[in-house]
2 protein chains.
Amino acid sequence: MTKEENRTAGESEEDVAVVLIGHGSKLPYNRDVLEELRRRMETRGIFKAVKVAFMQLNSPSIEETLRTLAKDGMKNIVALPVFLADGAHTTEDIPEKLKVTFEGAWAEIGRDVNIVYGKPIGVDERIVDILLDRIKEAKEGE
Amino acid sequence: MTKEENRTAGESEEDVAVVLIGHGSKLPYNRDVLEELRRRMETRGIFKAVKVAFMQLNSPSIEETLRTLAKDGMKNIVALPVFLADGAHTTEDIPEKLKVTFEGAWAEIGRDVNIVYGKPIGVDERIVDILLDRIKEAKEGE
């Protein structure tokens, strides 16, 4: 959805911040993919802020990113697991980390902040299209 | 790429088998997503066979699927990691399992089989589009 389509639909996303939550890895690839997806989403110009956060191993953590957004005055946050499918990470680990944020100092800075937790990527024809491209590239690169 | 576009491009994929390699999970979601992606790719009618295989926890394993395809007479196999980003699983664990296949009994059944290993999903504008849909759904489901 482009900014224009968004406006056409009568919605305003200009007060919404998005957190793209990655798995985290000792290798740089997961972080690189998340950072680039973040940059591209920011380029679409739909949301007031687009940040990354990592479940483990990389920084910023989920808690760090949520605190940053709350301190910046963001009141509506969508936290999205950038995972292919649901699993223990998306159904247990990440929700647990989202809860922790409401404890301690967050009681002050996060009082009026509404956090919505989204679903992972899942099955989509666009994923099939991408996989077909990767197959083509693999055969060409032989 | 549709079958027609594929033909237009002068390529024949009719002797190619694809293996979609999933992470595997104790929960059913990763398996469900892989099975449905497999079904949708099969529906496109491009390849002679489309199979799933799991790196861990679920069956069939990578070795089982490769053996099945080799026994079925497939000579050209593209093994694709259905992962968002590269990491230790895609750069070490899966390649290691692909190698094992060439040992022992495989020396017989896999003699003339060409296996190409592809890249993960990675950064793509279509992923940004899907994430925007998931954000929209999350906000609507509040």
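Here are some questions and answers about a predicted model with chains A and B.

Q: What turn lays chain A on chain B?
A: Let's start with how the two copies relate in this predicted model. Chain A can be placed on chain B with an RMSD of 0.0 Å, and the shift along the axis is 0.0 Å. That is the relation of a two-fold axis. The turn that does it is 180 degrees.

Q: What percentage of the contact residues of chain A recur in chain B?
A: The same surface serves both copies. The share of chain A contact residues that recur in chain B is 100%.

Q: Which strands stand at the edges of the sheet in chain A?
A: In chain A, 4 strands make an open sheet with parallel pairing, in the order 2-1-3-4. Each edge strand has a single partner strand, so one side of each is left without a neighbour in the sheet. The edge strands of chain A are strand 2 (49–54) and strand 4 (114–117).

Q: How many bridges pair strand 1 with strand 3 in chain A?
A: Strand 1 of chain A covers residues 16–22, and strand 3 of chain A covers residues 76–81. Within this pair, A:Leu20 has A:Leu80 as its bridge partner. The two strands pair in the parallel sense, and the number of bridges is 6.

Q: Which helix of chain B packs on the sheet of chain A?
A: Chain A supplies helix 3 (residues 62–71), which packs on this sheet and touches strand 1, strand 2, strand 3 and strand 4 of chain A. A helix from chain B packs on the sheet too, touching strand 1, strand 3 and strand 4 of chain A. Its direction makes about 125 degrees with that of strand 3 of chain A. That helix of chain B is helix 6.

Q: Are helix 2 of chain A and helix 6 of chain B roughly parallel or roughly perpendicular?
A: The axes of helix 2 (residues 29–43) of chain A and helix 6 (residues 125–140) of chain B come within 10 Å. They cross at roughly 70 degrees, and angles of 65 to 115 degrees count as roughly perpendicular. The two helices are therefore roughly perpendicular.

Q: How many residues in the contact of helix 2 of chain A with helix 6 of chain B are nonpolar?
A: From helix 2 of chain A come A:Leu37, A:Arg40 and A:Met41. They meet residues of helix 6 of chain B, including B:Glu125, B:Val128 and B:Leu132. The contact has 2 charged residues and no polar ones, and the nonpolar count is 7.

Q: What is the order of the strands in the open sheet of chain B?
A: The sheet of chain B has 4 strands with parallel pairing. Strand 2 (49–54) and strand 4 are its edge strands, each pairing on one side only. From one strand to the next, the twist averages 25 degrees. The order of the strands is 2-1-3-4.

Q: How many of the 6 residues of strand 3 of chain B are buried?
A: Strand 3 (residues 76–81) of chain B pairs in the parallel sense with strand 1 (residues 16–22) over 6 bridges. It also runs parallel to strand 4 (residues 114–117), joined by 4 bridges. Strand 3 of chain B is mostly covered, and the number of its residues that are buried is 5.

Q: Is B:Leu20 buried or exposed?
A: B:Leu20 lies in strand 1 of chain B. Leaving aside its neighbours within four places in sequence, B:Leu20 contacts residues including B:Leu34, B:Met41, B:Val52 and, from the other chain, A:Leu131. Its relative accessibility is 0%, and buried means under 20%. B:Leu20 therefore counts as buried.

Q: How far apart in space are B:Leu20 and B:Leu80, C-alpha to C-alpha?
A: B:Leu20 stands opposite B:Leu80 in strand 3 of chain B. In sequence, the two are 60 residues apart. In space, C-alpha to C-alpha, the distance is 5.2 Å.

Q: Which residue just after helix 3 of chain B takes a positive phi?
A: Helix 3 of chain B covers residues 62–71, and its buried residues include B:Ile62, B:Leu66 and B:Leu69. Just after this helix comes a residue with a positive phi of about 90 degrees. That residue is B:Gly73.

How values were computed. Residues are numbered from 1 along each chain as its sequence is written. Chains are lettered from A and ligands numbered from 1 in the order in which they are written. This is a predicted model: local features need pLDDT of at least 70, side-chain atom pairs count only at pLDDT 80 or more; totals for chains, interfaces and linings use all residues. Side-chain values use heavy atoms; hydrogens and water are left out. Copies are superposed by least squares on the C-alpha atoms of residues with pLDDT of at least 70 in both. Contact means heavy atoms within 4.5 Å. Axes are lines fitted to C-alpha atoms, for helices over the stretch in contact, and angles run from 0 to 180 degrees between N-to-C directions. Angles under 35 degrees count as roughly parallel, over 145 as roughly antiparallel, 65 to 115 as roughly perpendicular and the rest as oblique. Ala, Val, Leu, Ile, Met, Phe, Trp, Tyr, Cys and Pro count as nonpolar, Asp, Glu, Lys and Arg as charged, and the others, Gly among them, as polar. Buried means under 20% relative accessible area, exposed over 50%, partly exposed in between (1.4 Å probe, protein chains only). Two strands pair if DSSP finds at least two bridges between them.
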